[in-house]
Amino acid sequence: VGCVLLFQYGYSGMTMRQIAARLEIKAASLYYHFPSKQDILFDLMRRTATDLLEVYREVLRREKNFVH
């Protein structure tokens, strides 16, 4: 949800209330887990970096096992 709104509205245009509404939860519940938009952005960045690193490691593992 955060990614969709981020791409749709940009960081400045995205609000915590919009995110909560899309998740069908109260804004207070969202703030409990993420005190700010910045925290959501950092979590999205961390998750994306982790996913990319996993793909990179898999590619390296496959290349290492590849027999010419």
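**Entry 1: the nonpolar core**

A nonpolar core is a set of buried Ala, Val, Leu, Ile, Met, Phe, Trp, Tyr and Cys residues joined through side-chain atoms within 4.5 Å. I start with that term, and I note that I am working with a predicted model.

Which residues make up the largest nonpolar core? I find nine of them: L5, M14, M16, I19, A20, A27, L30, I40 and L44. Helices α2 (16-23), α3 (27-33) and α4 are the elements that each give two or more residues to this core. The largest share, three residues, belongs to α2. I add a general remark to my page: in soluble globular proteins, nonpolar side chains tend to be buried together.

**Entry 2: a closer look at α2**

Since α2 has the largest share of the core, I went there next. Is its buried side spread around the helix or gathered on one face? I first listed the buried residues of α2, which are M16, I19 and A20. Seen down the helix axis, these buried residues fall within an arc of 95°, so they line one face of α2.

I then turned the helix around. On the face away from the buried side I see R17 and A21, both exposed.

What covers the buried residues of α2? I noted α1 (2-13), α3 and α4 among the covering elements. I also picked A20 for a check of its contacts, leaving aside its neighbours within four places in sequence. A20 touches I25, K26, A27 and L30. Two of my core residues, A27 and L30, thus turn up again in this list.

Just after α2 comes E24, and I wrote down its positive phi, near 60°.

**Entry 3: salt bridges**

How many salt bridges does a search of the whole structure find? The search gives four.

I began with D43 and R46, whose side chains meet with N to O at 2.6 Å. Both residues sit in helix α4 (residues 37-65), three places apart, or about one turn. Is D43 buried or exposed? D43 has 16% relative accessibility, and because buried means under 20%, D43 counts as buried. Its partner R46 is partly exposed at 47%. I also find that D43, R46 and R47 are linked in a network of salt bridges.

Further along α4 I came to E58. E58 forms a salt bridge with R61, the closest N and O atoms being 2.5 Å apart, and a salt bridge with R62 at 2.8 Å. R61 is three residues from E58, about one helical turn, while R62 is four residues from E58, again about one turn. Why do these spacings suit a pairing along a helix? An α-helix has 3.6 residues a turn, so residues three or four places apart point the same way.

I compared accessibilities here too. E58 is partly exposed at 26%, R61 is partly exposed at 43%, and R62 counts as exposed at 55%.

**Entry 4: the largest pocket**

My last stop was the largest pocket, which holds about 160 Å³ of space. Its lining consists of V1, G2, C3, I19, L23, L30, F34, I40, D43, L44 and R47. The elements giving two or more residues to that lining are α1, α2 and α4. Which element gives the largest share? It is α4, with four residues.

I recognise several names from earlier entries. I19, L30, I40 and L44 belong to the core and also line the pocket. D43 and R47, from the salt-bridge network, are in the lining as well.

Note on methods
Residues are numbered from 1 along each chain as its sequence is written. This is a predicted model: local features need pLDDT of at least 70, side-chain atom pairs count only at pLDDT 80 or more; totals for chains, interfaces and linings use all residues. Side-chain values use heavy atoms; hydrogens and water are left out. Buried means under 20% relative accessible area, exposed over 50%, partly exposed in between (1.4 Å probe, protein chains only). Contact means heavy atoms within 4.5 Å. The arc is that of the directions from the helix axis to the C-beta atoms. On a 1 Å grid over the protein atoms alone, a cavity is a set of points where a 1.4 Å probe fits but cannot get out, and a pocket is an open set with protein on both sides within 12 Å along at least five of seven lines; lining residues have an atom within 4 Å of a point. Grid points are joined across faces, edges and corners, and a volume is the space filled by probe spheres set on the points.
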